[in-house]
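Hi,

Here is the structure I promised to pass on. Have a look at it first, and then read my notes underneath.

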Amino acid sequence: MAEEYLFNRIPKEVEKVETKNRRICTKLPVPESLPILERSIKYEPWSMNHQLLAVWDRAVDYQIFDKWGNIWIDFSSGIFVTNSGHGNSGMVESIREMIDKPMLNSYYYPSEIRSLLAEQLVRMAPPDMDKVFFLTTGSETTECALKLCRMHGIKQRKDKLGMISFGGAFHGKTMGAQTMAGKPQAQAWIGNLDPCIYHIDCPTDAFEDMSQIYDEEKGQQLFERDIKILESQGVDLDTIAGAIFEPYQGWAALFYPIGYIKALRAFLTRKNALLVSDEVQAGFGRTGKLFGYEYYGVDVDIICCGKAVSGALPLSAVLSRKEIIDVDGSLNSTHGGSPIPCASALANLKYMEKHHLVEEAKRKETIIRDKFMQMKELFPDRICAVHGMGMAFAAVVVKPKTRELDVELVDRIIERAYEKGLMSIRTMTGTIKIGPPLTIPDDALIEGMDILIEAMKEIVREVKC
Ligand SMILES: Cc1ncc(COP(=O)(O)O)c(C=O)c1O
């Protein structure tokens, strides 16, 4: 594997920037921030130091502030959490009310706020989903979904344990979640991989544009091909208990062929097996739909929610039908549905509805797509494809005339963009990926996209010299 590119840690002069939306007024990284960065390196895992070297002090709506006067436009949403904007005032107020009571913890004794949030989520969910189970992280929800699929399966026959998932997918970092995730290099530590979790190669070609997902007949044929391959590997298809997919694969905002997911749904229905949509990243308006699976025109049986469900604090949720959720009589957790995250989530969801953020994300899709297309035209030998819907987008960046992802080039581009006042996401996979708060004003969105283009122009030029 190529060596990791290290962001510059020695404060350097950068051009001063001052616009309505951003300000860069110090050397970067900020000299005074070095002790903080060093403390983090000393006491935390190295992997906690992968992101851009801005020390966040305050975050409001679409802007990140440090202590030294710098302001960045945020294209990360704190990794797809703050869809309703950082520090949303309604959320802050609800959190404060809970603190002032005080009501900081309630285990799973009944609480009014948890019951109200459950009611709100069920009201927003598809009509047949009438139960929700609260957890803390996204990984826990996919673990829970795996368990529910299997418990539902073994009620039918004791070996109905098979779970289908996809190459390239990400479902979290705990053992079941990482086993389902399709990233073999991240599974080496597990040793004995679960023999009933079957990975199918991702049917979308990340290096080709997303028009491929709309050919429904081809999508269906691809599914039929893949299920035959699975069978030829000795898998008894009647033992399949479920399948899990993300509406888009996070690393490249990669959607699946629509016909493929339709065929998967039909297959699972025939087998009395369950379809899980992992909406931890795609949910709550990010794609321009409340849930990303809606793009596929199918029903799902379980929805995993995380990140933007609370909009800030650690809360996740599994949505499903009574007969599926209640199949497990042991669903509770120490911090699941904790009062402050519940207060944050309830205020967040109400804000999303009141301000039509789902529609807002769909409207802004055009701005983002046009800018990425402009970028692709400028760098035809570097950007081979652009994927995304709503406000989750990625450009796939390669070394010229190859299908080799150029991870370092992307790292340099986002580092340059940070020096200009844009906070973007380091995917470490060779994609320029963005996910701004859905509330970002159009002018800041356009400004941020232009920074990316400018940064790419400069870095590509420098690499050529
Ligand atoms: C699609 C998806 N599923 C699951 C997870 C895991 O969530 P968490 O990091 O909260 O455990 C993530 C996190 O990025 C994700 O994007």
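Below is what I found, going from the whole chain down to single residues.

Before anything else, please keep in mind that this is a predicted model.

**The whole chain**

The chain has 13 helices and 18 strands. Its radius of gyration is 22 Å, close to the 23 Å that the globule rule gives for 465 residues, so the chain is as compact as a globular protein of that length. If you want a feel for the dimensions, the C-alpha trace spans about 65 × 60 × 45 Å along its principal axes. Of the 465 residues, 51% count as buried. Contacts reach far along the sequence, too: take those between residues at least 6 apart, and 74% of them join residues at least 24 apart.

**Two domains**

The domain assignment splits the chain into domain 1 (17–84 + 357–464) and domain 2 (89–354). Note that domain 1 is made of two stretches of sequence, 17–84 and 357–464. The centres of the two domains, taken over C-alpha atoms, are 27 Å apart. Where they touch, domain 1 puts in 29 residues and domain 2 puts in 28 residues. On the domain 1 side, the elements that give two or more residues are helix H11 (357–378) and strands S15 (383–389), S16 (392–397) and S18 (431–434). S15 has the largest share of that side, with 6 residues. By class, the same side of domain 1 has 15 nonpolar, 10 polar and 4 charged residues.

**The core**

In soluble globular proteins, nonpolar side chains tend to be buried together. Here, the largest nonpolar core has 134 residues. Ala145, Val276, Ile302, Ala317 and Val318 have the most contacts inside this core. Helix H10 (residues 339–354) gives the largest share of it, 9 residues. Both domains take part, since the core draws at least three residues from each of domain 1 and domain 2.

Val276 is a good one to click on. Leaving out residues up to four places away in sequence, Val276 touches Ala145, Cys149, Gly242, Ala243, Ile244, Val300, Asp301, Ile302 and Cys304. Two of those partners, Ala145 and Ile302, are also on the list of residues with the most contacts in the core.

**Around the ligand**

There are 13 residues around the ligand, and the ones that come nearest are Gly138, Ser139, Gly172, Val280 and Gln281. Helix H5 (residues 138–154) gives the most to this shell, with 3 residues. The shell divides into 2 nonpolar, 9 polar and 2 charged residues.

Gln281 turns up again as a contact of Gly250, along with Phe170, once neighbours within four places in sequence are set aside. Gly250 itself is in the loop between strand S10 (248–249) and strand S11 (254–255). Is Gly250 buried or exposed? With 24 C-beta neighbours inside 10 Å, Gly250 counts as buried.

**The loop between S13 and S14**

Val309 lies in the loop between strand S13 (302–305) and strand S14 (316–320). Val309 has 29 C-beta neighbours inside 10 Å, so it counts as buried. Beyond residues up to four places away in sequence, Val309 touches Gly283, Phe284, Leu315, Ser316, Ala317 and Ala345.

Lys307 is in the loop between S13 and S14 as well. This lysine is buried, with 27 other C-beta atoms within 10 Å. Lys307 also has a positive phi of about 35°, although it is not a glycine.

**Backbone oddities**

Most residues other than glycine have a negative phi, and most peptide bonds are trans. Besides Lys307, Ile79 has a positive phi, about 60° in its case, without being a glycine. Ile79 sits in helix H2 (residues 77–80). With 13 other C-beta atoms within 10 Å, Ile79 is partly exposed.

Then there are the cis peptide bonds. One joins Leu28 and Pro29, with omega about -10°. Pro29 is in the loop between strand S2 (23–24) and helix H1 (34–43). Another cis bond runs from Lys101 to Pro102, and its omega is near -10°. Pro102 is in the loop between helix H3 (89–100) and helix H4 (112–124).

Cheers

Definitions and conventions. Residues are numbered from 1 along each chain as its sequence is written. This is a predicted model: local features need pLDDT of at least 70, side-chain atom pairs count only at pLDDT 80 or more; totals for chains, interfaces and linings use all residues. Domain bounds come from an automatic or database domain assignment. Two residues are in contact if their C-beta atoms, placed from the backbone, lie within 7 Å. Helices (H or I, at least four residues) and strands (E, at least two) are DSSP runs, numbered from the N terminus. Ala, Val, Leu, Ile, Met, Phe, Trp, Tyr, Cys and Pro count as nonpolar, Asp, Glu, Lys and Arg as charged, and the others, Gly among them, as polar. The radius of gyration is taken over C-alpha atoms; the globule rule is 2.2 Å times the number of residues to the power 0.38. A residue is buried if 20 or more other C-beta atoms lie within 10 Å of its own, exposed if 12 or fewer, and partly exposed in between; C-beta atoms are placed from the backbone. A nonpolar core is a set of buried Ala, Val, Leu, Ile, Met, Phe, Trp, Tyr and Cys residues joined through C-beta atoms within 7 Å. A residue is near a molecule or strand if its C-beta atom, placed from the backbone, lies within 6 Å of it.
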